[in-house]
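Work through the exercises below with the sequence and the coordinates at hand. Try each task before reading its solution.

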Amino acid sequence: ISASGSAGDVSTFNVELYRICSAPSLQVHDHLKRSWRHCHLYQSLIDSRIVIWYGADEYEGLPPSKPYKLLQAPTNSSGRPCFSGSSPGVLVDGDGERIPTRAKVD
C-alpha cells in the first residue's frame, strides 16, 4: 500500500511490519481540519514508531518522518500498547507535541 507520510513524503505501509495498538473507538484531533477523526494506531515491529491510519491510503507518521510515540499507555498480555484515547497514555508526534485523542462519542 502506498501512502503519504506526514511531511508529504511517499512511503510504504507494510501491514506485516506493524501491529494495531488502538481501540476501534479512537479519535484524534486534526488541527488542520479542526475536527475529530476516527483512526487506528499501528506500532512498528522494527522501531516501535506509531503510525496513524485514517482509512484508505491516508497515514501519518510513516518513515522518513520523525517517529510518533505512545507514552505511558497500558499494554496488553503480549506487551504491546493498547490505547483507547481516553485511557492513560499520551500520543505524541515526532517533535514530542501531544496529539489530542479521545474515545468515540456517540
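## Exercise 1: cysteines

The sulfur of Cys21 has its closest cysteine sulfur in Cys82, 8.5 Å away, which is too far for a bond. This is a predicted model: local features need pLDDT of at least 70, side-chain atom pairs count only at pLDDT 80 or more, and totals for chains, interfaces and linings use all residues. Residues are numbered from 1 along each chain as its sequence is written, and side-chain values use heavy atoms, with hydrogens and water left out.

Task: establish how many disulfides a search of the whole structure finds.

Solution.
- Step 1. Fix the criterion: a disulfide is a pair of cysteine sulfur atoms within 2.5 Å.
- Step 2. Check Cys39. The closest cysteine sulfur to its own is in Cys21, 9.9 Å away, too far for a bond.
- Step 3. Read the result of the whole search: zero disulfides.
- Step 4. Add the burial (buried is under 20% relative accessible area, exposed over 50%, partly exposed in between; 1.4 Å probe, protein chains only). Cys21 is buried at 2% relative accessibility. Cys39 is buried too, at 3%.

## Exercise 2: the open sheet

Task: find the order of the three strands in the open sheet, and say which stand at the edges.

Solution.
- Step 1. Assign strands as DSSP runs (E, at least two residues), numbered from the N terminus. Two strands pair if DSSP finds at least two bridges between them.
- Step 2. The order is β9-β10-β11, with antiparallel pairing.
- Step 3. β9 (69-71) and β11 (98-99) have a single partner strand each, so they stand at the edges and one side of each lacks a neighbour in the sheet.
- Step 4. Three bridges join β9 to β10 (residues 90-92). Leu70 stands opposite Leu91 in β10.

## Exercise 3: backbone exceptions

Task: locate the cis peptide bond from Pro63 to Pro64, and place the positive phi values of Arg34 and Ser48.

Solution.
- Step 1. Recall the background: most residues other than glycine have a negative phi, and most peptide bonds are trans.
- Step 2. The Pro63 to Pro64 bond has omega near 15°. Pro64 is in the loop between β8 (58-60) and β9.
- Step 3. Arg34 has phi near 55°. Its loop runs between β4 (26-30) and β5 (35-38). Arg34 is exposed, at 73% relative accessibility.
- Step 4. Ser48 has phi near 65°. Its loop lies between β6 (40-44) and β7 (50-55). Ser48 is partly exposed, at 40%.

## Exercise 4: core and rings

Task: describe the largest nonpolar core, then the ring pairs of Phe13 and Trp53.

Solution.
- Step 1. Define the core: buried Ala, Val, Leu, Ile, Met, Phe, Trp, Tyr and Cys residues joined through side-chain atoms within 4.5 Å.
- Step 2. The largest core has 14 residues; Leu41, Ile50, Ile52, Leu70 and Leu91 have the most contacts inside it. Its largest share, three residues, comes from β7.
- Step 3. Another core lies apart from it, with six residues, among them Phe13, Tyr42, Val51 and Tyr59.
- Step 4. Define ring pairs: Phe, Tyr and Trp rings (for Trp, the six-membered ring) with centres within 6.5 Å; planes under 30 degrees apart are stacked, over 60 edge-to-face, the rest tilted. The structure holds five aromatic pairs.
- Step 5. Phe13 and Tyr59 are stacked, at 4.7 Å centre to centre and 25° between the planes. They are 46 residues apart.
- Step 6. Tyr42 and Trp53 have ring centres 6.4 Å apart and planes at 70°, so this pair is edge-to-face.
- Step 7. Ring pairs link Phe13, Tyr18, Tyr42, Trp53 and Tyr59 into a cluster.

Terms used
Helices (H or I, at least four residues) and strands (E, at least two) are DSSP runs, numbered from the N terminus.
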